[in-house]
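Here is a brief report on one protein model. Look over the sequence and the fold before reading on.

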Amino acid sequence: MEYLPLFANITDRPVLLVGGGEVALRKARLLLEAGARLTVVAPEFHPELVELVQSDRLRAISGTFSHSHLAGQRLVIAATDDEAVNREVARASDAAEIWVHVVDDPAHSSFIFPST
C-alpha cells in the first residue's frame, strides 16, 4: 500500500497555503471548512481570497515563500503555478518535518487529498 488512508483533525491547527490563484482558493475553501487556522502566502491573491482575509477567515502574507513561513505550521499546501516554487516548498517542509501536499504532484507530497 503506497498511501495510508487517514483523516486529520485540523480544527484550529495552523496550516500554510502557498499560492494565491484559483487552485489555492479551492484548497483554502476546503481547509477553512475543516476548521484550519489558515495562512496564505502569495505575491498576488484571487479576489475571493482577499474577501476571506477581509472577513478575518484567514491571514494573508503578501510576497514570495520563505522558509520562515513554516514556523509553527502543522500542514503545508503548495498550490502555485510555478513548479520550482512548489518543489522548494516541498523540500523546506520535508526538512522541517512538516507534512506537505504539492497540488498535482504526488511524487513531492507527503500526503494527498482524496477526490471529493
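The report covers the sheet, the helix packed on it, and a few residues.

**The sheet**

The model is a predicted one. Its open sheet is built from 5 strands, ordered 3-2-1-4-5. The pairing is parallel. Strand 3 (59–62) and strand 5 (99–102) are the edge strands, each with pairing on one side only. From one strand to the next, the twist averages 20 degrees.

Strand 1 (residues 14–18) and strand 2 (residues 37–42) form a parallel pair with 5 bridges. Within this pairing, L16 has T39 of strand 2 as its bridge partner.

**The helix on the sheet**

Helix 1 (residues 22–33) packs on the sheet. The helix touches strand 1, strand 2, strand 4 (75–78) and strand 5. The directions of helix 1 and strand 1 make an angle of about 170 degrees.

**Three residues compared**

The table lists the accessibility of H101, W99 and P43.

| Residue | Location | Relative accessible area | Class |
|---|---|---|---|
| H101 | strand 5 | 7% | buried |
| W99 | strand 5 | 44% | partly exposed |
| P43 | loop between strand 2 and helix 2 (47–54) | 59% | exposed |

**Strand 5**

Why does H101 count as buried? Its relative accessible area is 7%, and the cut-off for buried is under 20%. Beyond four places in sequence, H101 touches K27, V76, I77, A78, S109, F111, I112 and F113. K27 falls within the range of helix 1, residues 22–33. V76, I77 and A78 fall within strand 4 (75–78).

W99 also lies in strand 5. W99 is partly exposed because its relative accessible area, 44%, falls between the limits of 20% and 50%. Together with M1, L4 and L6, W99 forms a nonpolar patch on the surface. The accessible area of this patch is about 530 Å².

**The loop after strand 2**

P43 sits in the loop between strand 2 and helix 2 (47–54). P43 counts as exposed because its relative accessibility of 59% is over 50%. Which residues does P43 contact, leaving aside neighbours within four places in sequence? They are S62 and G63. S62 belongs to the edge strand 3 (59–62).

P43 can also be placed relative to G19. The two are 24 residues apart in sequence. In space, their C-alpha atoms are 8.0 Å apart.

Notes:
Residues numbered from 1 in each chain as written. Predicted model: local features only at pLDDT ≥ 70, side-chain atom pairs only at ≥ 80, totals over all residues. Heavy atoms only, no water. Pairing = 2+ DSSP bridges. Helix = DSSP H or I, 4+ residues; strand = E, 2+ residues; numbered from the N terminus. Axes fitted to C-alpha atoms, helices over the stretch in contact; angles between N-to-C directions. Contact = heavy atoms within 4.5 Å. Buried < 20%, exposed > 50% of the residue type's maximum accessible area, 1.4 Å probe, protein only. Patch = residues over 30% accessible without salt bridge, like charges linked within 9 Å, V, L, I, M, F, W, Y side chains within 5 Å. Areas by Shrake-Rupley, 256 points an atom, 1.4 Å probe, with all protein chains shown as cover. Salt bridge = Lys/Arg side-chain N within 4 Å of Asp/Glu carboxyl O.
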